[in-house]
Amino acid sequence: MTANSQLQRRLRGTAVAFTAGASSATCSTLMFQPLDLVKTRMQVHSLPIRVGGAPLCVTANGGAVGMLGTFSTVVRAENFTALWKGISPSMHRCIPSIGVYFASVHFLKSSIGKTDGTVSPLQALTIGASARSFAASSFLPFTVVKTRFESGRFHYKTVFQGLRSIWTSEGGKGLFSGLWATLARDAPFSALYLLFYTQSKQAVMRMTGEQQLPSSYNFPCGVVAGVLASVTTQPADVVKTRMQLQPQAYPSVVSTIAVVVRNNGLRGLLVGLAPRATRRTLMAAFTWAFYEEIVRIIDKGLQSY
């Protein structure tokens, strides 16, 4: 196979990966948006400063309620469809971002991985972190708008009106607020997720003697990877949320961590873990399983064509 044909094959595979990733992102974002909103609300109501009029998710004695209590508060105080508040910026961010992520993963795996598509643990960490850093930083302004939509404290009518408002009042710094916290959360998550996911699949393949795992194995391998990666990166998510909601009050990662620990203790760095771990685990497992199935279908169609 010539170098030119190898490049063409790699680019075609990258295009297929983008299409499959964007398709899986559409379904998973719609399914799991309520969990993301609940996670954001739980983190918002641990803030020492209130902005806006979102209903407080606290108990009668002032303590924070859990994930189910927050669900109930949102539905009771607003309505059931409020659980999908922020879905528009989520779709603007997730569909192209996840498409770019999977395209980047495929391109890097085909460039540095083995011919059978497997990668070493170090390669998995590098590929996952690099692909996610590129995708996350490219679409960060939509993440900022999404977080503010979900908080209930900002009342943007549309995604692009929110982008204009932030640009006008805060400039480019506002659109990219929480960049380092986002990368500190997303790059390790994707690196660890890809590591655990690829290694668990390879372990199952060794145990079963299968050269290629059936689709039914992809989801449970994804769940294991998602739980481990979510718990590890939760503190960075708490920091990211605070920096994007109140960038003037939380100007840096280090100062934000210091304020959270001083006001809420170390437990404050784990606020919102339950909904985030549930959402990220299920969303990542579903997205990867759906992605690999779509790639298999498209590849089969291209071969028959």
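1. Ala274 counts as partly exposed, at 42% relative accessibility. The classes are set by relative accessible area with a 1.4 Å probe on protein chains only: buried means under 20%, exposed over 50%, and partly exposed in between. Ala274 lies in helix α10; helices (H or I, at least four residues) are DSSP runs, numbered from the N terminus. Between the C-alpha atoms of Ala274 and Glu78 there are 22 Å in space, and the two residues are 196 apart in sequence.

2. A note on the basis of these values: this is a predicted model, in which local features need pLDDT of at least 70 and side-chain atom pairs count only at pLDDT 80 or more, while totals for chains, interfaces and linings use all residues. Residues are numbered from 1 along each chain as its sequence is written, and side-chain values use heavy atoms, with hydrogens and water left out.

3. The student may next consider the enclosed space. The structure holds one cavity of 30 Å³ or more. On a 1 Å grid over the protein atoms alone, a cavity is a set of points where a 1.4 Å probe fits but cannot get out, and lining residues have an atom within 4 Å of a point. Grid points are joined across faces, edges and corners, and the volume is the space filled by probe spheres set on the points. The largest cavity has about 440 Å³ of space. Its lining is made of 30 residues, of which Arg93, Ile98, Arg132, Arg280 and Met283 are the closest to the centre.

4. Which helix gives the most to the lining of the largest cavity? Helix α10 does, with seven residues. At least two lining residues each come from several helices, including α3 (87-112), α4 (121-138) and α7 (179-208). By class, the lining has 13 nonpolar, 12 charged and five polar residues. Here Ala, Val, Leu, Ile, Met, Phe, Trp, Tyr, Cys and Pro count as nonpolar, Asp, Glu, Lys and Arg as charged, and the others, Gly among them, as polar.

5. Two residues of helix α3 deserve a closer reading. Arg93 lies in this helix and is buried, with a relative accessible area of 15%. Leaving aside neighbours within four places in sequence, Arg93 is in contact (heavy atoms within 4.5 Å) with Phe139, Phe142, Thr143, Lys146 and Arg279. Met91 is also placed in helix α3. With the same neighbours set aside, Met91 is in contact with Thr26, Thr29, Leu30 and Pro96. The C-alpha atoms of Met91 and Lys146 are 9.3 Å apart in space, with their positions 55 residues apart in sequence.

6. Ala136 is found in helix α4. Is Ala136 buried or exposed? Ala136 is buried, with a relative accessible area of 9%. Not counting residues up to four places away in sequence, Ala136 touches Thr182, Leu183 and Asp186. Its C-alpha atom is separated by 21 Å from that of Thr158, 22 residues away along the chain.

7. The largest nonpolar core has 53 residues, and Tyr101, Val145, Tyr193, Trp288 and Tyr291 touch the most other members. Such a core is a set of buried Ala, Val, Leu, Ile, Met, Phe, Trp, Tyr and Cys residues joined through side-chain atoms within 4.5 Å. Helix α1 (residues 3-44) gives the most to this core, with nine residues. A second, separate core has five residues, among them Ala181, Val239, Met243 and Tyr250. Returning to Tyr101, its contacts beyond four places in sequence are Gly128, Ala131, Arg132, Ala135, Ser190 and Trp288.

8. The cysteines close this note. The structure holds zero disulfides, a disulfide being a pair of cysteine sulfur atoms within 2.5 Å. Why does Cys94 form no such bond? The closest cysteine sulfur, in Cys27, is 13 Å from the sulfur of Cys94, too far for a bond. Cys94 is buried, with a relative accessible area of 4%, and Cys221 also counts as buried, at 6% relative accessibility.

Terms used
On a 1 Å grid over the protein atoms alone, a cavity is a set of points where a 1.4 Å probe fits but cannot get out, and a pocket is an open set with protein on both sides within 12 Å along at least five of seven lines; lining residues have an atom within 4 Å of a point.
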